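Let's go through this one label by label and ask what each label rests on. Have a look at the structure before we start.

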Amino acid sequence: MRCNILFYFFALLPLSVFAQVGEHRSELAVGVCGGCILSEIGFTPEVNQYQHSGLTGGITVRYTSEKYFKSICAIVAELNYAQIGWKEKILDSDDLPVINSVTGQAEAYQRDMAYIQLPVLARLGWGRERKGMQFFFQAGPQLGMFLNEHTKKNYNVTERPLGVTAQDTMAVENKFDFGITAGLGLEYSHPKVGHFMLEGRYYYGLGDIYGNSKRDYFARSNILNITIKLTYLFDITRTKNSKIK
């Protein structure tokens, strides 16, 4: 119930950008974004993991609607390709890495998953709009669609006597993902060049990649990730107001 309330709150949050009455803006900017993702899966029962690293990139659209007091209000939408997954920490009873008896290397398992992701974010910024620096916060819902997966391992799954291993042989069951995401960042703008942004963002999945009924193995298997990304936008339309700095 709590997750549903949070999801509906963030789903409606972008609409509140247009519900305020402040200094009017009507500015549209488009561009590209890209960066790296550190991800894991929130398994219950727990699976020991390292952070899985991947890349993300796509297109960004931003519409700025007004300046309310000192807050610059906008709505941002992205369409991204993202490489996520999990990387298992395979340990023995002494919490030491398990060494493969044949290769002499530490046993490793990694699942790579590709998704198309669509975040829609309400954005609040403070600072310069035309030329200079701006600090911003943005948050909202994110939808995802599973594309494909690939497994990397250097051992036979049946040789692992310790830990949870059911996930190693299970394909992704739920192709659709949804959750909430929020981030903080800095933007530098120049009227002749465009907008450059550096952002850190966290995503919490409200759905699961596997079934979560009483007869399923996992009660929880949601996607969790941290994204560090760069975005470049150029203006399509600008508000005609000489007072905007």
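Q: Where is confidence lowest in this predicted model, and where is it highest?
A: This is a predicted model, and its low point is helix α1 (residues 2–16), with a mean pLDDT of 48. The high point is β8, at 97. Over residues 5–11 the pLDDT is below 50, and beyond near neighbours in sequence that stretch has 11 contacts in the model. Residues 14–20 are also below 50, with 14 such contacts.

Q: What is the average pLDDT of the protein chain?
A: The average is 87, and 86% of the residues score at least 70.

Q: Why is D208 called buried?
A: Its relative accessible area is 8%. Buried means under 20%, so D208 gets the label at 8%.

Q: Where does D208 sit, and what is it in contact with?
A: D208 lies in the loop between β8 (194–205) and β9 (220–237). Leaving aside neighbours within four places in sequence, D208 is in contact with N174, A219, R220, S221 and N222.

Q: What makes the pairing of D208 and R220 a salt bridge?
A: The closest N and O atoms of R220 and D208 are 2.4 Å apart. The cut-off is 4 Å between a side-chain nitrogen of Lys or Arg and a carboxyl oxygen of Asp or Glu, so the pair qualifies at 2.4 Å. R220 is in strand β9 and D208 is in the loop between β8 and β9, 12 residues apart. Both R220 and D208 are buried.

Q: What makes D208 and N212 a polar contact?
A: Their side chains are joined at 2.6 Å. A polar contact needs N or O atoms within 3.5 Å, so 2.6 Å meets that distance limit. The side chains of D208 and R220 also make a polar contact, at 2.4 Å.

Q: Why can charged side chains pair at all?
A: Side chains of opposite charge can pair when their charged atoms come close.

Q: How many salt bridges does the structure hold?
A: There are 8. E78, E199, R201 and K229 are linked in a network of them.

Q: How do you know that R62 and E187 form a salt bridge?
A: Their side chains meet at 2.9 Å, N to O. With the cut-off at 4 Å, a distance of 2.9 Å is within the limit, so the pair counts. R62 is in strand β3 (residues 52–68) and E187 in strand β7 (residues 176–190), so this is a link between distant parts of the chain, 125 residues apart.

Q: Why is R62 called buried?
A: R62 has a relative accessible area of 6%. That is under 20%, so R62 is buried. Not counting residues up to four places away in sequence, R62 touches a list of residues that includes E27, A74, R123, E187 and L233.

Q: What ties E187 to R123?
A: The side chains of E187 and R123 meet in a salt bridge of 2.5 Å, N to O. E187 lies in strand β7 and R123 in strand β5 (residues 109–127), so the pair ties together parts that are 64 residues apart in sequence. Both E187 and R123 are buried.

Q: Why is C33 called buried while C36 is called partly exposed?
A: C33 has 9% relative accessibility, which is under 20%, so C33 counts as buried. C36 has 34%, which falls between 20% and 50%, so C36 counts as partly exposed.

Q: How many disulfides are there?
A: The structure holds 0 disulfides.

Q: Why is S26 called partly exposed?
A: S26 has a relative accessible area of 31%. Partly exposed covers the range between 20% and 50%, so S26 fits at 31%. The place of S26 is in strand β1 (residues 23–44).

Q: What is S26 in contact with, beyond its neighbours within four places in sequence?
A: S26 is in contact with Y63, T64, T237, R238 and T239. A polar contact of 3.2 Å joins the side chains of S26 and Y63. S26 and E66 are 40 residues apart in sequence and 7.3 Å apart in space, C-alpha to C-alpha.

Terms used: Residues numbered from 1 in each chain as written. Predicted model: local features only at pLDDT ≥ 70, side-chain atom pairs only at ≥ 80, totals over all residues. Heavy atoms only, no water. Helix = DSSP H or I, 4+ residues; strand = E, 2+ residues; numbered from the N terminus. Buried < 20%, exposed > 50% of the residue type's maximum accessible area, 1.4 Å probe, protein only. Polar contact = N/O pair within 3.5 Å; in protein donor to acceptor, adjacent residues only side chain to side chain. Contact = heavy atoms within 4.5 Å. pLDDT = per-residue confidence, 0-100. Disulfide = S-S within 2.5 Å.
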